[in-house]
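Student: I have the sequence and the model open, and I would like to work through the side-chain contacts. Can we take them one at a time?

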Amino acid sequence: MSTRTPIAFLKGHGTENDFVIVPDPDNVIDLSPAAVAALCDRRAGIGGDGLLHVVRSAAHPEAKDMAAEAEWFMDYRNGDGSIAEMCGNGVRVFARYLQHAGHTTEGDLAIATRGGVKTVHIAKDGDVTVGMGKARLPEGHVTVSVGERTWPARNVNMGNPHAVAFVDDLAHAGDLYSPPPFSPASAYPDGVNVEFVVDRGPRHVALRVHERGSGETRSCGTGACAVAVATARRDGTDPAVTGAPATYTVDVPGGTLVITERPDGEIEMTGPAVIVAEGELDADWLETAVR
């Protein structure tokens with residue numbers, strides 16, 4: 001990475017799930033795991049739950065096959081530098097950045113992700129709706145634990161893996177600094193996002209989440225979708241069975257998301273997305289930080 005050329009960045013969040021945004025249309029910036037972790041460090045870097053690397057699909061080897069459908073690829077990284085398949089809040093913030101930069105306007109667009117091409121709608125009121133695809137519900141009994149408590153969990157895959165546990169009190173989730181143990185280990189060979197859920201009212205729930213690679217975050221978009229799916233199955237409102245869409249309000253620590261699952265299984269997530277700052281990285285600092 002050049003020590004002479006400043007690197008543009010932005011900071012954004014969706015329901016306080018926050019991201020460092022690095023525009024790099026031609027995919028020329030080498031963002032190693034160490035560089036991403038340094039940028040996302042909340043004390044020594046910019047700070048973020050993850051990083052959104054903004055690349056034209058045609059310029060990225062993992063997205064070339066999607067270039068005909070989506071001009072832009074969300075090369076998403078977790079806060080520890082590891083690669084993730086998808087990030088629902090990240091897609092909304094990514095779309096807001098594209099609007100902010102003049103690459104798109106209000107209305108519909110497509111964004112390529114490692115979880116496939118996602119359809120996005122930017123509303124006039126500022127909210128962003130993301131088509132999150134369909135959930136998969138792998139078979140098998142799963143449990144998650146915190147301290148001496150253990151709960152059954154619903155295995156829901158939203159392009160990334162989730163374990164959804166219904167609890168009596170969100171405080172029972174503990175500090176969520178470290179990953180809650182789960183069983184069996186074979187259920188999630190690459191780790192898992194764990195959501196702890198309480199009821200707030202009819203079709204209204206609240207969650208806390210441990211995101212693999214990031215710890216507890218203020219919000220998790222795919223997690224909110226997984227929670228809505230698990231709650232609909234628990235409540236007997238599975239749209240594939242009832243023939244009617246199921247909409248749940250999901251409170252996360254950083255705000256509120258609205259999740260709708262349609263009878264065909266397609267899931268839509270609606271919520272805010274905000275750009276809060278932009279500037280330039282000190283390239284010399286970044287080079288030093290990753291040594």
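Student: At 39% relative accessibility, does Arg234 count as buried, partly exposed or exposed?
Tutor: Buried means under 20% relative accessible area and exposed means over 50%, with partly exposed in between (1.4 Å probe, protein chains only). Arg234 has a value of 39%. It therefore counts as partly exposed.

Student: What kind of model is this, and which pLDDT values apply?
Tutor: Residues are numbered from 1 along each chain as its sequence is written, and side-chain values use heavy atoms, with hydrogens and water left out. The model is predicted: totals for chains, interfaces and linings use all residues, whereas local features need pLDDT of at least 70, and side-chain atom pairs count only at pLDDT 80 or more.

Student: Which residue does Arg234 meet in a salt bridge?
Tutor: A salt bridge needs a side-chain nitrogen of Lys or Arg within 4 Å of a carboxyl oxygen of Asp or Glu. For Arg234 the N to O distance is 2.8 Å, and the partner is Asp199.

Student: How many residues apart are Asp199 and Arg234?
Tutor: Helices (H or I, at least four residues) and strands (E, at least two) are DSSP runs numbered from the N terminus. Asp199 is in strand 12 and Arg234 in helix 3, so the pair links distant parts of the chain. Their separation is 35 residues.

Student: Which ring does Arg234 lie over?
Tutor: A charge sits over a ring if NZ of Lys or CZ of Arg is within 6 Å of the ring centre and within 35 degrees of the ring normal. Arg203 does this with Tyr248, at 5.9 Å from the ring centre. Arg234 is 4.5 Å from the ring centre of its partner, Phe166.

Student: Which residue does Arg233 meet in a salt bridge, and in which strand is that residue?
Tutor: Arg233 meets Glu261, with 2.9 Å from N to O. This pair too links distant parts of the chain, 28 residues apart. Arg233 belongs to helix 3, and Glu261 to strand 16.

Student: Is Glu261 buried or exposed?
Tutor: The relative accessibility of Glu261 is 7%. Glu261 therefore counts as buried.

Student: What is the bridge partner of Glu261 in strand 17?
Tutor: Two strands pair if DSSP finds at least two bridges between them. Strand 16 and strand 17 (residues 266–271) run antiparallel and are joined by 4 bridges. Their hairpin has 4 residues between the strands, and Gly265 there takes a positive phi near 95°. In strand 17, the partner of Glu261 is Ile267.

Student: How many residues join strand 15 to strand 16 in the hairpin?
Tutor: Strand 15 (residues 246–252) runs antiparallel to strand 16 (residues 255–261), with 7 bridges between them. Val250 stands opposite Leu257 in strand 16. The number of residues in the hairpin from strand 15 to strand 16 is 2.

Student: Which part of the chain gives the largest share of the largest nonpolar core?
Tutor: A nonpolar core is a set of buried Ala, Val, Leu, Ile, Met, Phe, Trp, Tyr and Cys residues joined through side-chain atoms within 4.5 Å. The largest has 50 residues, of which Met74, Ile111, Val120 and Ile259 touch the most other members. The largest share, 8 residues, comes from helix 3 (residues 221–235).

Student: How many residues are in the other core?
Tutor: Apart from the largest core lies another, with Val146, Ala173, Tyr188 and Val192 among its members. Its size is 17 residues.

Student: How do the rings of Trp151 and Phe196 pair?
Tutor: Rings of Phe, Tyr and Trp (its six-membered ring) pair if their centres lie within 6.5 Å; planes under 30 degrees apart are stacked, over 60 edge-to-face, and the rest tilted. The count comes to 3 aromatic pairs. For Trp151 and Phe196 the centres are 5.6 Å apart and the planes at 75°, so the pair is edge-to-face.

Student: Are Trp151 and Phe196 buried or exposed?
Tutor: Trp151 has 10% relative accessibility, and Phe196 has a relative accessible area of 0%. Both values lead to one class: buried.

Student: Which residue of the pair Phe182 and Tyr188 is partly exposed?
Tutor: These rings are edge-to-face because their centres are 5.2 Å apart and their planes at 85°. Tyr188 is buried at 3% relative accessibility. At 26%, the partly exposed residue is Phe182.
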